[in-house]
Amino acid sequence: MVGLILLDKPEGMTSFGAAAALRRLTGEKRVGHTGTLDPMATGLLPVLLGQATRLVSLLMETEKEYEAVLRLGMRTDTLDVTGRILETRPAAGRAELEAVLPRFTGEILQTPPMYSALKKDGVRLYELARQGKEVERKPRPVTIRELELLEACGPDTYRLRVVCSKGTYIRTLCDDIGRELGCGGVMAALRRTATGGFSIREAVALEQLEADGPAAHLLPADRAVAGYPALQVSAAQAGRFLNGGQLDFARLSLQNPAHGALYRVYGPGNRFLGMGRADGDKEQLAVQCIIQI
């Protein structure tokens, strides 16, 4: 089975567990998800099957959209409501929250949380955190393109919409907003609503997959990279590409493509062959990955 399934990950399941569930349902050993969701998070998790797993790294680069619930007036060790409470204070009001949100848009620096899957000397940070250890983490640049207050869910709880670059920690964003307000803040819930050009409206629940069978919800592999431009090649060029050969720009009618630019490559019959990468030095399209279906 080769292709893409858009899963609506349930709360309480790890992304690894979700991939394992699809491995069991499909019988396909090669299963890869594109962007980890914490167990408490729900929402859109694109899962690639078979040879389509070669496209995983391309989907990891894409922008994400989330709806997050922010609770003001407290801080925890995990930066969310599941953690040990470190401090409580009177919560700031809605007007104060709306006033600080613009300070967190654009390119900002974030310090990754201790409860994350990043590694320090080969050990996951969350494993060190569970041992009561804290290590230095360098702030990293991330981009928050949109940050919008959607509604108040209570006197100290608000639902936010966040559109951000890969590598953005929403728990850290909630903590940083709380610090800026001086009252503390934690993430109370998180749902990913878009990634890789896909919307949560296209996703299917695990129970529905089990009822219908995964084949009923399998999308073609090239849907995963639909945001990249397409190139049509001849039968001879398709054979060369599938054997790892490079294709001359001139024969493809490519004029000065950006070095490193990626293209979807299609052979006769609109057969998806894989991804090509522009090599400006050699003026050739090199093979990025091959998908043979």
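**Exercise 1. Determine how many aromatic pairs the chain has by the ring-centre rule, and classify what is found.**

Solution. By the rule that rings of Phe, Tyr and Trp (its six-membered ring) pair if their centres lie within 6.5 Å, the count comes to one aromatic pair. The ring centres of Tyr 266 and Phe 272 lie 5.4 Å apart with their planes at 45°; since planes under 30 degrees apart count as stacked, over 60 as edge-to-face and the rest as tilted, the pair is tilted. Tyr 266 and Phe 272 are both buried, where buried means under 20% relative accessible area, exposed over 50% and partly exposed in between (1.4 Å probe, protein chains only).

The model is predicted, so local features need pLDDT of at least 70 and side-chain atom pairs count only at pLDDT 80 or more, while totals for chains, interfaces and linings use all residues. Residues are numbered from 1 along each chain as its sequence is written, and side-chain values use heavy atoms, with hydrogens and water left out.

**Exercise 2. Describe the largest nonpolar core and identify which element gives the most to it.**

Solution. A nonpolar core is a set of buried Ala, Val, Leu, Ile, Met, Phe, Trp, Tyr and Cys residues joined through side-chain atoms within 4.5 Å. The largest such core has 29 residues, and those with the most contacts inside it are Leu 97, Leu 147, Ile 170, Ile 177 and Leu 181. Among the elements that give two or more residues to this core are helix H3 (94-100), strand S10 (140-154) and helix H5 (170-181), where helices (H or I, at least four residues) and strands (E, at least two) are DSSP runs numbered from the N terminus. The largest contribution to this core, five residues, comes from H5. Taking contact as heavy atoms within 4.5 Å, and leaving aside neighbours within four places in sequence, Leu 97 is in contact with Leu 70, Leu 149, Tyr 158, Ile 177 and Leu 181. A second, separate core of 21 residues includes Leu 44, Leu 58, Ala 203 and Val 225.

**Exercise 3. Compare the span of H5 with the expected one, and establish how far H5 is enclosed.**

Solution. The expected span of a helix is 1.5 Å times one less than its number of residues; for the twelve residues of H5 this gives 16 Å, and the 17 Å from the first C-alpha to the last is close to that value. Nine of the twelve residues of H5 are buried, so this helix is largely enclosed by the rest of the structure; the buried ones include Arg 171 and Asp 175. Just after H5, Gly 182 takes a positive phi of about 80°.

**Exercise 4. Decide whether Cys 153 and Cys 183 are buried or partly exposed, and find the cysteine sulfur nearest to each.**

Solution. The structure holds zero disulfides, a disulfide being a pair of cysteine sulfur atoms within 2.5 Å. For Cys 153 the nearest cysteine sulfur, that of Cys 174, is 12 Å away, and Cys 153 is partly exposed with a relative accessible area of 44%. The sulfur of Cys 183 is likewise 12 Å from the closest cysteine sulfur, in Cys 174, which is too far for a bond, but Cys 183 is buried, with a relative accessible area of 6%.

**Exercise 5. Work out which strands pair with S1, and in which sense.**

Solution. Two strands pair if DSSP finds at least two bridges between them. Seven bridges join S1 (residues 3-9) to strand S3 (residues 42-49) in the antiparallel sense, with Leu 44 as the bridge partner of Asp 8. S1 also pairs with strand S14 (residues 204-205), in the parallel sense over two bridges, and there Val 204 is the bridge partner of Leu 7.
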